[in-house]
Amino acid sequence: MAAEEGAMSPTRMLAEGHLRVATGGGAPADGGIAVRHLPHHHPAKKDGVGGKTEQDNHEDVDSLPSQELKKLANGNNKVPGTLDDYKRLVVPIVEEYFSTGDVELAASELKGLGSDQFQHYFVKKLISMAMDRHDKEKEMSSVLLSSLYADLLSSYMISEGFMMLLESVEDLTVDIPDAVDVLAVFIARAVVDEILPPVFLARARALLPEFSKGIQVLQVVEKSYLSAPHHAELVERKWGGSTYFTVEEAKKRIQGILREYIESGDIDEAFRCIRELSLPFFHHEVVKRALTLGMENISSQPLILKLLKEAAAGCLISSNQISKGFSRLAESVDDLSLDIPSAKDLFDKLVSTAISEGWLDSSFSKSAVPEEEMQNTSAEKVKRFKEESGHIIHEYFLSDDVPELIRSLEELSAPEYNSIFLKKLVTLAMDRKNREKEMASVLLSSLSLELFSTDDITKGFIILLQSAEDTALDIVDAPSELALFLARAVIDEVLIPLNLDEISSKLRPNSSGSQTVQMARALLSARHSGERILRCWGGGTGWAVEDAKDKITKLLEEYNTGGDLGEACRCIRDLGMPFFNHEVVKKALVMAMEKQNDAGILALLQECFGEGLVTINQMTKGFARVKEGMDDLILDIPNAREKFEAYVELATGHGWLLPTFTSVP
């Protein structure tokens, strides 16, 4: 089943009227145009990966509740009572879809089945049936999944379906020799279409046997598709499909439509052109660009407001897309102020007008606008700070000199812009290699101790996440990278888990930023999350966590033998991993428990704390980790609990720990 070269793009193709997917490799039946790699940002459902088999689900759910059995939709009285019933009813739906290309009909029939808890099986069946067919059916399957995403299929169900496919690759290869490569394309396409989060790959790898064909699929996805230059276009063209144009071309067309409307005033023609784009999920770009034109040219505002008001009233642009367009403009108001000094006042008036006329929801929050103190400062000063901080960060990436960066940042004397610096740091790092990403996380850990307050860091992440959708246009895997930075900040104790709730409360529901916070929570809740997140980019010197642990063990053993405090502190400093010093504390405490004479080990901890080499946060975390593993320690060291309580008392007395720390597990 060699894949034919063609041109296609992922889209949500449920638009106005009765749409059909092009079944012959040409343009859609309605003349609709698909757009390449546009973020959908559908309402987020619970996201995750599971390893359940079909049999597991059958055992878990023998039958539906009686009220579910009574649900009938669109006159369809075939409601499955068990997974076996669901399997039998799903196959004809897929077959009919392959014959007709009718997305709405497939959606209607699937909705009529009810049985939402079985929908992961629909994903598996659709893909497995398409894998053994021509490129036309493969392309149609990807389009259908993108169309049903969030409206009928949650991200969780899609992830579950793909996980089931990965677990059954061995069986699939019996009938489909190139199943590994074909499934890899489906997964890559789902990631590009943003219906499957990039973090799915890491989660799936953790659940699959090491040498399974499922692991081979994931390797092909990463090496042959997602890491290739222009990978989105490569993946979307793999099976051919409808005519497509790029994001930039879509934006240019929207800009042209709006400029022509301002010149002619022909609102019907503008509506016709917007409809012909067939991009209902990208209408927020129409709103954003229309508002921007209205701010740039005050005389055009009446026409712009009329266009948006009537588009909302006629349901051409949904209320959700209207709000999203306003939110995106709110996020960039600071940058607009550089060219339009009165941008903030103009934007506020547009918001007020839209709400008073009833086409913008009154609950619209300007939380997407950066904090008040940033809005009220000189735009020129903000611009100058961004330029200077950019130079400082680039210099740091070259030198890896944290103290020099801190000195340079102090010289700028602009602590009110600390959150802007954080955004600049993370954004620049995301577009570079793992070395710079690791350096950025290490720097955040250092800045949190030296210059930045938790409030600064929280605000910085809020600004980052509010502009996540725009960032994703330039950095394909921006959501997963931001989730890792956020999770790493929690692991490094730069933030606490409660800060994630605060950050989330400042983001618009169902936005890309809100989904990124959920992704970070999922990373943190996984087993062995600390080690995995610390491994994500390698240590500050490029060591893996296990290598760092070995070095810590050896330096403690050498110190225990030689007793040279200065040399031990130098070795800890040379590790270059201040965020991982809790491991030094943990291993030192365990070693002290094991030795007859533990005074020397405790003296090392006192020296480290006195020099500021190990902070009170890292000290507390090290003690807490020992406390958590106390039950296991007692098996080898019967008096471990008594010794630990004595160490806590000593540490509290010397100020290593806060008095609130409780030693009893």
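Thr-458 offers a point of entry into this structure, and its place is in helix H25, which spans residues 454-466. The model to which Thr-458 belongs is a predicted one. With a relative accessible area of 1%, Thr-458 is buried, because buried means under 20% relative accessible area. Neighbours within four places in sequence aside, the residues in contact with Thr-458 are Leu-495, Asn-499, Glu-502 and Ile-503.

From this one residue the view may be widened to the whole chain. The protein chain contains 37 helices and two strands. It has 665 residues, of which 53% count as buried. How many of the contacts between residues at least 6 apart in sequence join residues at least 24 apart? In the protein chain, the share of such contacts is 78%. The accessible surface of the chain amounts to about 28800 Å², and carbon and sulfur atoms account for 49% of that surface.

The charged side chains come next. The structure holds 22 salt bridges. One of them joins Glu-481 to Lys-437, with a distance of 2.9 Å from N to O. Glu-481 belongs to helix H27 (residues 478-491) and Lys-437 to helix H24 (residues 434-450), so this pair ties together parts of the chain that are 44 residues apart in sequence. Both partners, Glu-481 and Lys-437, are buried.

A salt bridge also links Arg-488 with Glu-438, and here the closest N and O atoms are 2.8 Å apart. Because Arg-488 lies in helix H27 and Glu-438 in helix H24, the pair ties together parts that are 50 residues apart in sequence. Arg-488 and Glu-438 are likewise buried. Helices H27 and H24 are thus the helices that hold Glu-481 and Lys-437, and they also hold Arg-488 and Glu-438.

Further along the sequence, Glu-583 forms a salt bridge with Arg-625, in which the closest N and O atoms are 2.7 Å apart. This pair links distant parts of the chain, since Glu-583 is in helix H33 and Arg-625 in helix H35 (residues 616-628), 42 residues apart. Is Glu-583 buried or exposed? Its relative accessibility is 2%, and Glu-583 therefore counts as buried. Salt bridges that share partners also occur: they join Glu-139, Arg-189 and Asp-193 into one network. As for the surroundings of Glu-583, helix H33 covers residues 581-594. Residues up to four places away in sequence are not counted here, and Glu-583 touches Lys-549, Ile-552 and Arg-625.

The loops between helices deserve attention as well. Glu-493 is found in the loop between H27 and helix H28 (497-505). With 27% relative accessibility, Glu-493 counts as partly exposed. Which residues are in contact with Glu-493, once its neighbours within four places in sequence are left aside? They are Asn-617, Gln-618 and Lys-621. The C-alpha atom of Glu-493 is separated by 10.0 Å from that of Thr-454, and these two residues are 39 apart along the chain.

Two other loop residues are notable for their backbone angles. Most residues other than glycine have a negative phi. In Glu-194, however, phi is near 60 degrees, a positive value in a residue other than glycine. Glu-194 sits in the loop between helix H9 (179-192) and helix H10 (199-207). Ser-413 is not a glycine either, and its phi is positive, at about 50 degrees. The loop that holds Ser-413 runs between helix H22 (402-412) and helix H23 (418-430). A relative accessible area of 54% makes Ser-413 exposed, because exposed means over 50%.

The surface of the model provides the last stop. Which residues form a negative surface patch? The patch consists of Glu-260, Glu-263, Asp-266, Asp-268 and Glu-310. Of these, Asp-266 lies in the loop between helix H13 (247-264) and helix H14 (267-277). Asp-266 has 37% relative accessibility and so counts as partly exposed. Thr-458, with which this account began, is by contrast buried at 1%.

Notes
Residues are numbered from 1 along each chain as its sequence is written. This is a predicted model: local features need pLDDT of at least 70, side-chain atom pairs count only at pLDDT 80 or more; totals for chains, interfaces and linings use all residues. Side-chain values use heavy atoms; hydrogens and water are left out. Patches are made of residues with over 30% relative accessible area and no salt bridge: like charges are joined within 9 Å, nonpolar side chains (Val, Leu, Ile, Met, Phe, Trp, Tyr) within 5 Å. Accessible areas come from the Shrake-Rupley method with a 1.4 Å probe; for residues, only the protein chains shown count as cover. A salt bridge is a side-chain nitrogen of Lys or Arg within 4 Å of a carboxyl oxygen of Asp or Glu. Lys and Arg count as positive and Asp and Glu as negative; His and the chain ends are not counted. The place of a charge is taken as NZ of Lys, CZ of Arg, CG of Asp or CD of Glu. Helices (H or I, at least four residues) and strands (E, at least two) are DSSP runs, numbered from the N terminus. Buried means under 20% relative accessible area, exposed over 50%, partly exposed in between (1.4 Å probe, protein chains only). Contact means heavy atoms within 4.5 Å.
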